[in-house]
Amino acid sequence: MGRDRRYRERVYQIVRAIPPGRVMTYGGIAALIPPPRGTDWTGYVRVRARWVGYSMAECPDDLPWHRVVNAQGRISPRPGLSARLQRAVLREEGVRFDRNGRLDLDRLFWRPSRRWLRARGLLDPAA
DNA sequence: TCCTTGACTCAGA
DNA sequence: CTCTGAGCCAAGG
């Protein structure tokens with residue numbers, strides 16, 4: 001299911017850059033990655049967040065996968081125990097969750113600098 | 001080949 | 001706030 005290796009690597013590269021105590025969303029990450037060659041732009045926009053999700057499902061253990069949450073600021077449910085672990089690790093990093101299991105994206109969402117993006121051929125949403 | 005199933009998101013109800 | 005359905009793509013049964 002996972003897109004091609006090149007796409008996943010781009011996802012992991014971005015996730016690795018998220019600082020402790022900060023988070024990014026699936027869609028937020030996807031918005032930085034250009035559509036693969038031959039992919040229709042409008043179609044890509046509709047599926048890219050899921051592609052990131054699929055990529056995360058098979059991510060290597062050495063990256064801070066726990067810093068990726070969904071657009072509602074909640075931990076996406078999935079089979080296995082990693083969802084619970086994710087919340088625990090985030091709390092260790094100082095992330096607070098409200099009674100609905102939601103964190104404050106306005107404060108915690110992390111955006112790479114333009115310079116960082118440009119150096120890696122990624123998209124700058126503010127451009 | 002057809003159908004289901006996803007670590008998604010957004011707009012409606 | 002919660003719950004659906006739609007939109008879209010690729011793998012696997």
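Is Arg-107 buried or exposed, and at what relative accessibility? In this predicted model, Arg-107 counts as exposed, at 55% relative accessibility, and the legends below take up its salt bridge together with other close-up views.

**View 1. The salt bridge between Arg-107 and Asp-104.** The side chains of these two residues meet with an N to O distance of 3.3 Å. Arg-107 is exposed, because its relative accessibility of 55% lies over the 50% cut-off, whereas Asp-104 is partly exposed, with a relative accessible area of 31%. Side chains of opposite charge can pair when their charged atoms come close.

**View 2. The salt bridge between Asp-62 and Arg-16.** The closest approach shown here is 3.4 Å, taken from N to O between the two side chains. Asp-62 belongs to the loop between α3 and β2 (68-69), while Arg-16 belongs to helix α1 (residues 5-17), so the pair ties together parts that are 46 residues apart in sequence. Asp-62 counts as exposed at 59% relative accessibility, and Arg-16 counts as partly exposed at 41%. By the rule applied to the model, the count of salt bridges comes to five.

**View 3. The salt bridge between Glu-93 and Arg-67.** The closest N and O atoms of this pair are 2.7 Å apart. Glu-93 is placed in the loop between α4 (82-92) and α5, and Arg-67 in the loop between α3 and β2, so the pair ties together parts that are 26 residues apart in sequence. Arg-67 counts as buried, with 10% relative accessibility, whereas Glu-93, at 25%, counts as partly exposed.

**View 4. The surroundings of Thr-25 in strand β1 (residues 24-25).** Thr-25 is buried, because its relative accessible area of 8% falls under the 20% cut-off. Its side chain reaches the backbone nitrogen of Gly-28 at a distance of 2.8 Å. When neighbours within four places in sequence are left aside, Thr-25 is in contact with Val-68, Val-69, Asn-70, Ala-71, Leu-105 and Phe-109.

**View 5. The protein surface near DNA strand B.** Surrounding this strand are 16 residues, of which the closest are Tyr-26, Gly-27, Tyr-54, Asn-70 and Ala-71. Of the atoms of DNA strand B that come within 4 Å of the protein, 40% belong to sugar and phosphate. Sorted by class, the surface consists of nine nonpolar, five polar and two charged residues.

**View 6. Polar approaches to the bases of DNA strand B from Arg-50, Tyr-54 and Met-56.** An N or O atom in the side chain of Tyr-54 is 2.4 Å from a base nitrogen of the strand, and a polar side-chain atom of Arg-50 lies 3.2 Å from a base nitrogen. In the case of Met-56, a backbone N or O atom lies 3.5 Å from a base nitrogen of DNA strand B. The elements giving two or more residues to the surface near the strand are α2 (26-30) and α3 (41-57), and the largest share, six residues, comes from α3.

**View 7. Ser-113 in the loop between α5 (105-108) and α6 (114-119).** A polar atom of the Ser-113 side chain lies 3.0 Å from the backbone nitrogen of Trp-116. Ser-113 counts as partly exposed, at 36% relative accessibility. The C-alpha atoms of Ser-113 and Asp-124 are separated by 8.7 Å, these two residues being eleven residues apart along the chain.

Terms used: Residues are numbered from 1 along each chain as its sequence is written. Chains are lettered from A and ligands numbered from 1 in the order in which they are written. This is a predicted model: local features need pLDDT of at least 70, side-chain atom pairs count only at pLDDT 80 or more; totals for chains, interfaces and linings use all residues. Side-chain values use heavy atoms; hydrogens and water are left out. Helices (H or I, at least four residues) and strands (E, at least two) are DSSP runs, numbered from the N terminus. Buried means under 20% relative accessible area, exposed over 50%, partly exposed in between (1.4 Å probe, protein chains only). A polar contact is a pair of N or O atoms within 3.5 Å; within protein, one must be able to donate a hydrogen and the other to accept it, and residues adjacent in sequence count only if both atoms are side-chain atoms. Contact means heavy atoms within 4.5 Å. A residue is near a molecule or strand if one of its heavy atoms lies within 4 Å of it. Ala, Val, Leu, Ile, Met, Phe, Trp, Tyr, Cys and Pro count as nonpolar, Asp, Glu, Lys and Arg as charged, and the others, Gly among them, as polar. A salt bridge is a side-chain nitrogen of Lys or Arg within 4 Å of a carboxyl oxygen of Asp or Glu.
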